[in-house]
Every structure is written in C-alpha cells, then in structure tokens.
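Visitor: I am new to this structure and would love a friendly tour. Please start with any words I will need.

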Amino acid sequence: MPDSQGSITASPRPRGTVPDVPASDATIIGGASAPPAAAPTTAPARLPVLTPNDYASDQDVRWCPGCGDYSILAQMKKVLATLGIPREKLVFVSGIGCSSRFPYYLNTYGFHSIHGRAPAIATGLKVTRPDLMVWVITGDGDGLSIGGNHLMHCIRRNLDINIVLFNNRIYGLTKGQYSPTSPLGKITKSTPMGVIDNPLHPLCLAIGCEATFVARSIDTNIKHLTMVLQRAAEHRGTSFVEVYQNCNVFNDGAFDYATNRETKSDATLELEHGKPLVFGKNRNKGIRLNGMTPEVVELGKGITEDDLLFHDEKAPEPTLAYLLSRMTYPEFPEPIGVFRAVDRPKYDESMNAQIAEARSKGEGDLDKLFHAGDTWVVS
Amino acid sequence: MATTTAVEKRVIELESATVRFAGDSGDGMQLAGNQMANTSALVGNDIATFPDFPAEIRAPRGTLAGVSGFQLRFASREIYTPGDQVEALVAMNPAALATNLPDLMPGGILIVNKDEFDAKGLKQAGYASNPLEDGSLKAYRVFPVEMTKLTRLAVEECGLGTKESDRCRNFFAMGLVFWLYDRPLEPTLRFIESRFGKRAPAVAEANRRALLAGYHYGETTEAFDAHYRVAPAKLPPGTYRNIMGNEALAIGLITAARRSGKDLFLGSYPITPASDILHELSRHKNFGVRTFQAEDEIAAITAAIGASFGGAMGVTTSSGPGIALKQEAMGLAVMTELPLLIINVQRGGPSTGLPTKTEQADLWQALFGRNGECPIPVLAAASPADCFDVVQEAWRIAVRYMTPVIVLSDGYIANGSEPWRIPDAKNLPPIEVKHPGPLENGGPFMPYQRDERLARPWALPGTPGLMHRIGGLEKQDVTGNVSYDPENHQHMVQTRAAKVAGIAQDIPLQQVQGPEQGKLLVVSWGGTYGSCATAVRNVQALGGSVAHCHLRYLNPFPRNLGEILSRYEQILVPELNLGQLCFVLRGRFLVPAQGLNKVKGKPFTVAEITSKIQEMLHA
C-alpha cells in the first residue's frame, strides 16, 4: 500500500531502551509477565500503514516449491505488519541452511552469516543497538549442531531477541543427511543403515537453558503460527520458537502425524495458559499427572477436566514446561503453543545498565586514563 | 669483596643494570619485578622488562617447572631490550638457581635464599651436592642470605602464621635489591598501602617490615661493600608512565574509539597471553566500552562483527589457537566488508604450544589463514608502548577501507613494559567515519557502491531507506545481491584484493635506520624490534655497514619496500619462527633474503643478532 493512502498514529515498539522512545509499551497477548503497558510520554510518531507485502524484498524466493519455509515467511510478514515497528528497525540474522536464506526475502536489514553463528552476531548487534528488534532465523542443523553452543548461551543469557528454529529433521541444503533431530533408525544419505544417535528435542534444550519464552508451532497451521510468532515478538528476553517445517524434497511427511487432518487432533495438543490439557478430535482426551509421569486419559468414566494437568506458562520453575517438551508422538500428543513465558533480566539491558551506571559516576576522560598510576616528567 | 666495614658504603655509577628475580611461581617474583620496574621508571631511567613464567598457576613447589622469573633492565640512556645477560640474579630456591644461572654473567651478583637450600630443595632441583658449598659458583659474587629466617623475624609481631610470614619474602628480597641499586622505597610502600592497607592491615604491615628489613640488611651487613646507582636517562621531554603492552593496547583501543566517535565493543574469550586486554577494557565502562566474554572464540569474533554491523567499533582479542578458530568469521568480515579489529597476542605454537612463551609464528596465519582469496591488512606492534599507536592506526585503516584488520602483538611485548610518553588527548586528530544518511523516496540503496578507495558505505540498521542484506555468499558488486555469476566473482575477488593493496598508498613510506645502501639490511617486524635495533646500532658503532628496516605494515607492505630491498647486497631477516617473513619477502620481491630463526619461546638476545650480522658482513 502506498504511503500516501493513509496513515495511522501508532506508537513504535522497538525493544530495549531508545533515547527518544518510551520503552515497555507493548501489549502482551496472553498476559505473560511483561511490564504493564505505559502511556507514551511523547507524541506518538506517525507511521505509514504497512501490509505484509511491504516487508517483501525485491529478491526472488528460491526455496523448493512446496517447502514449508514459504508459509513461515508469509506468517512472519503478517506479524511484522502488526508490530508498529519501522522496517529499518528490524534486523534478521541467520546462519547457513535453507532456513537461513530467510533474511534475503525481507525488506528489512538482514545478515546471512556463517554456519551456526547467528545468535552470537545478534548478541554483538543487540547489546550495542538495543533500539533494534533482532530476529534470528535458524534450523535444526544450524542451531542445534554446529551452532548449539551459541544457541545455548544466548538463551541462558536471555538476550532480548527472537529465535525461530525451523525444524525439518534433515539437512536440506546439503541434500539429505540426517540432522540432530532426525529420529533413530532414519535412513538418510549418510545413514544407510539408519540413524544411531539419539535425537535432540529443541525445546528440551531451550528449557534446560532456562529460556524465558519457549513455544512450538507448525508451518501449515497458519493461524497458530501467526499467534506464536506474535507472542514471541512481544516477549522481552530470548524468545525461542520451534516450527515443525516440512522438507518436501528430502524428508517429506516428517510431520504428517501433526498436520494430517485425520491424525493431527490426536497427535497434537494446543496449549493454553490456565487451561487443562485436553486434545483429540472430540476433545475427549487429556493429560493427567501420575506422580511425576504424564499419562493420556479419556475424559468421562469418572475423569473430569479437573483431574487433568493445567497449563501454567508462567510457572517460575521450568519443570512443567520440560515435562511437556518431553511428550512425543505416538505415546503422547505433541504440545504446540507457548510452553513457557516468564520474566528474567535481559542480557543487553543488564550490560547497558552497567555502562550507564559507570558513566553516571563520571564519563571517561582520556587524559585521566593516560595519566593513571605513577607518572614522571622529563624536561 | 667485603674488605671494608664502613657504614658509608661505596657508590658505583652504572650506565645500565640488568636484574632478574627468580623463584617459585607462588613466590611473588612478578610483583617484585614489576615494583622495581615502576620504581626505576619513576626515578627517570629508561627501562625494559621481560617477565617469564610457567603456564601452570602453581606448579609443585620447588620444582624446575614451577620457576617464575622477571628480568628488568634500567639505564641512564635509551634502551630497547631487557638485556642479554643478567648482572644480578636473585634466586629464591635451588630450582630458580638451576634454571637461571646460565643467564648470569661471569662475575655477576648472585643473591640466594640460603634457607631453601636444604636436602629436599636441592633434590627437587636436581643438585647432587649443595652449590653454595661445593665451589661450583666460584665464578660469581655469591651472597647467601637467610631470607626465610630473617623475614620471619622481621614480621613476627604482625600476628601472621608461618605460611603467611613466608609470603613476605619477596618484599625482603626487593628491599635488599632496592638498596643494592639505590632505588627509593616510597613507590612500593604506596603500593603496599593501596593493595593491602584496607583489606589486610596485618599483611600490609608485615610486607612493609620485610621490605625495610631487606633494605637495612643490605645497608648494614658486611657482605655488601658497595652499591650501585643508575642516573636518569635523557628521554625526550614529556610526562611518562611505565606501561605494559597489553595495557597500552587496551588504552589505544579506547582512544581509537573516542577518536572515531564510536563505542567500543570487545568480544573475547579468555586466553593467555591476551586476557589482560579483556580485563583492562572491562574496567572502562565509563567510556562506553562493552566487553562480552563470549562462550567461545567464534562467538567472540562474530559478536564483534554484529557490533560492527550495527555501527560500533567491533574488536576481538585472542592468541594463536583462538585466532585459528576465528578464521571463518574473518572471511565473513572480508566478504561483508565491515570494519573490525582482530588482535593476536602471539604465543608459542602449534596447537596449545607454549601458552606463556613468546613467538612470531602466526604471521602466515594472519596473511594466508582463510579459505578463498581473503586479503586482510596486517600490522604488528614493535614494543609495549607501540601497541598504543598500532591499534589506532589499524582502526583508521579499518573504517577508511571498510575491512577487518589484524594486529599482531606477542607475549613478550604484551607482558613487557617500558616508559611511555603520554600524549595530550586534545592533540589526537579525529578518525573520520562516514555513514550514509536516510534515503527518502529515492531509488534502491546500493550497499556495494564503492568510493574512490573501493570502500563500500557503512550503512547502519535503523537508517530509513537503507534496508539491505549482507552475508557470506558472493555479492554482486554495487547492488549487494547474491550473485553466482562467474564474471562478477572474478571482479569481486580482484576488487577486494585491489582495495587492500591500495592501502599502500595511504601509509607512510618505509624508513631505514642506517646507510641508504650497502652490504647488509636487517629486516624485522613485531617484538624483535628492540634486539634488532640494538644489534644494528652496536655494529654500526663499530663501523659495520648495516642498516635496519623494521616493518609495522605487513599487508600491504609500504610501497617503497621493494626498492629499499634492492639497494643492499644482503638481507637478513631475524624472526622468532622458521622464516615466515623471509619467505614472503623472497616470494614477493625475488630477493636473496636469509633468515635468522629461533623458536625457543624466548626473545632474541642482542648478541645472537650481532654475531649473525658480523658473520654476514665478513663473509
């Protein structure tokens, strides 16, 4: 939509501290533990209304036809258009892999970096430029294999960025080797007799690192994916989102159980804060805790919703979220939605608070620095 | 010796003195050496220091592996090295004696802590008999001192345990050496107060008493009949301080940030001998310095790249093994053409190698260490104080040419110190940095549109209208779009090479010390500057036809270097590696350069270079 066709007043919502914009005016859907919305203290800027198409770059999208990445890109553009953040304040950082081409297709700032290192690049960027909203786009190989170390440390530091991990359980760009999330026994180009390394569950890792925001969605579940990306965008701290993404060339149908009309209601469970864990086509099944062990039960026959496990995304301890992240099909339905959304100090804010504190005690003076300690004069 | 009992002892004037403290790595020898270095600088001497310590923090007590040493030379004239031979050695135990005696000159002063020369200590050091009694030290002036006993006596009223009392022995040794070389005690007394005064008053008092006891011991005992004085040096006028290489480097980075109006971001992972830069920078947050102790070396450099992308001054510091891990990311910085400083404080390699020892064997890594055609400017610091200037020059090049720049230091200059003439901050010129402004309703932004130096614009996220994508894939020139076009790739590879080569037009012409042509040119780079400069001057003083060319710029070379090399019959390239610069000079300029090479984890002695020069002049 051309800029001239209309504009609304909107308060830009960059994250972090910006000199000229009041922070923390985000509206949190689902009401996690974000700070309360504050009234802007300055006149809101007039921003052009942008549509999803305004976020498309002029580059041809080169994913294989039918790839799940297209849907994620489309939902991302939709979400960006709702955030009220100018395009120039958005940066997408990625590593290597099919998913990591993502930044090229968005008309924002972008950095397609090297394999696995996007969270580290984002760290240097975000701590020096807290006025920017930074997204990291990664995949199961990029984020969990070669870049596992950076992912882990970024999450535990709670850097205020959003990480979206496209999980297709295969290496696509290198044409079909198994990935850290490929199931045991999977026959791939590099495992002709089947995978023998135990797969990693991305959300288990994130929760183990005490991620403050953990969510899962599915490429073809458009509404749900949009909701999850929106929630991730609004969370302060590291938002970690796993998206089940179909690679129709090298691992087609990997998530068929979760997307197929026939099975998806029984194979997935949509998490809602404060609601019991109910699932099934007829919503007649639920998850109950038996001691520390979850079990699938059928509602009725003396079992009511009150007997089920209730979801609490704000639980301070990550134990419940971890338990949910361990549930895998076919033993259990696989939960989708927001597993955990809690508040904890953000790395970039803490670092900049130290800078501000040091500066408040006296801005650095080169002459003082040069003359520190004992000096003597030669005349 | 010891023929007079007069209280007023003779004072002998010296032009320079070389002293080494050696003891267990827990004996506080580095502290003793640093105190004496600072004190000597404060009285106006020129100084040069050489700390030498083991990689283990606390190797088993009394063993040869655990010996830590600190060598200091102070002089009444300008000096460039900490000295080849030690004139006075303090050995706190038999192991320190065994490992350091070979460096003590015949007739030199040898002060030993006699109390440690018991059966166990001698055995650990591999002595079959006690060298203090078997006549094997006849060539030296030996002063056996009961340091342990005397220190315990001096501090007995301070209420410390035996172990704590013994930790004051380094102050006793310092006191004695301070008397011997007529050094004032006040700076060390001030140091004791600031380090221990509030935190541990009893320890402060004990250290004071031990220091004074050592000083008075020298003054009153009959063993020493004379002491020495080294007059102040005639350095260029100005205000000075003593500075270590890593400290100068950190201060230089902060200065470069200020000169360019940038906030400094350091991504670093702890590694010997570079960690002190991280420590120093983390203390200066009031300059807007953000230090990020990363999860690994790769995160350290990539975070710095992210910071540079955002418009900060991105810097990463490490040593050889860490630099090896950063190479892929250095390639990314070349491809994305972002300014970045990569600082390598070299140590002995390969692999983990000799973490606390010096070497110059990472030159090839700096020049050639990456995949693809990946040119990066390389500069090297010549001395501790020079680190201050080199990093600022490196940042000037980085922003002017939009390129990562490698700065090579080494363990020797990182931990060594020398007087630094303090500049006046207001006289430091700004480093010009340009960022394109917003593009309103204009055409698409061209992130790889180059200026006359072939540098692309440094467009910052947040700027309206300049949205663009960069990355490691080959870019189409001008537009910055991904391009697999063969012609474009050839063009871009050549453009990146031409851009870096063009820096030669922007750096000073190479200077030569000595005759403009003649029999022999010594070419050096990095931390060997002092030994080479001194050796060349010594030979020149004897009438030898030799000149010295010390390179700060290793890529690109100064544009007159080839012409300089062609004017001499012979070229000698002393290096603490197996001939890396020599190889490059031979390949690049087709000159018959020959190497003088040493890889022992130690700097060259002046004698080693002098004798090679003489040999070549008389061949």
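Guide: Helices (H or I, at least four residues) and strands (E, at least two) are DSSP runs, numbered from the N terminus. The model is predicted: local features need pLDDT of at least 70, side-chain atom pairs count only at pLDDT 80 or more, and totals for chains, interfaces and linings use all residues. Residues are numbered from 1 along each chain as its sequence is written, chains are lettered from A and ligands numbered from 1 in the order in which they are written, and side-chain values use heavy atoms, without hydrogens and water.

Visitor: Thank you! Which residue just after α19(B) takes a positive phi?

Guide: Let's walk along the helix. Helix α19 of chain B spans residues 580-589, and its buried residues include Leu581(B) and Leu585(B); buried means under 20% relative accessible area, exposed over 50%, and partly exposed in between (1.4 Å probe, protein chains only). Just past α19(B), a positive phi of about 55° belongs to Leu590(B).

Visitor: And what is the relative accessibility of Val478(B)?

Guide: Val478(B) is not a glycine, yet its phi is positive, about 70°. You will find Val478(B) in the loop between β17 (469-471) and α16 (486-501) of chain B. Val478(B) counts as partly exposed, because its relative accessibility is 30%.

Visitor: Which residue precedes Pro350(B) in a cis peptide bond?

Guide: Most residues other than glycine have a negative phi, and most peptide bonds are trans. Pro350(B) sits in the loop between β13 (340-346) and α13 (363-368) of chain B. The cis bond, with omega near 0°, leads to Pro350(B) from Gly349(B).

Visitor: How many residues apart in sequence are the parts that Trp63(A) and Phe102(A) tie together?

Guide: Rings of Phe, Tyr and Trp (its six-membered ring) pair if their centres lie within 6.5 Å; planes under 30 degrees apart count as stacked, over 60 as edge-to-face and the rest as tilted. The structure holds 26 aromatic pairs over all chains, and one of them is the tilted pair of Trp63(A) and Phe102(A), at 6.1 Å centre to centre and 40° between the planes. Trp63(A) is buried at 6%, and Phe102(A) is buried at 0%. Trp63(A) lies in the loop between β2 and α1 and Phe102(A) in the loop between β3 and β4, so the parts they join are apart in sequence by 39 residues.

Visitor: Which helix gives the most to the largest nonpolar core?

Guide: A nonpolar core is a set of buried Ala, Val, Leu, Ile, Met, Phe, Trp, Tyr and Cys residues joined through side-chain atoms within 4.5 Å. The largest has 157 residues, and Leu253(B) and Leu341(B) are among those that touch the most other members. With 10 residues, the most comes from residues 386-401 of chain B, helix α14.

Visitor: Last one: how much area is buried between chain A and chain B?

Guide: Contact means heavy atoms within 4.5 Å, and this one takes 57 residues from chain A and 72 residues from chain B. Buried area is the accessible area (1.4 Å probe) that two parts lose on being put together, summed over both. In chain A, Tyr109(A), Phe370(A) and Trp376(A) lose the most area to chain B, together 17% of what that side buries. Carbon and sulfur atoms give 63% of the buried area, which is about 5400 Å².
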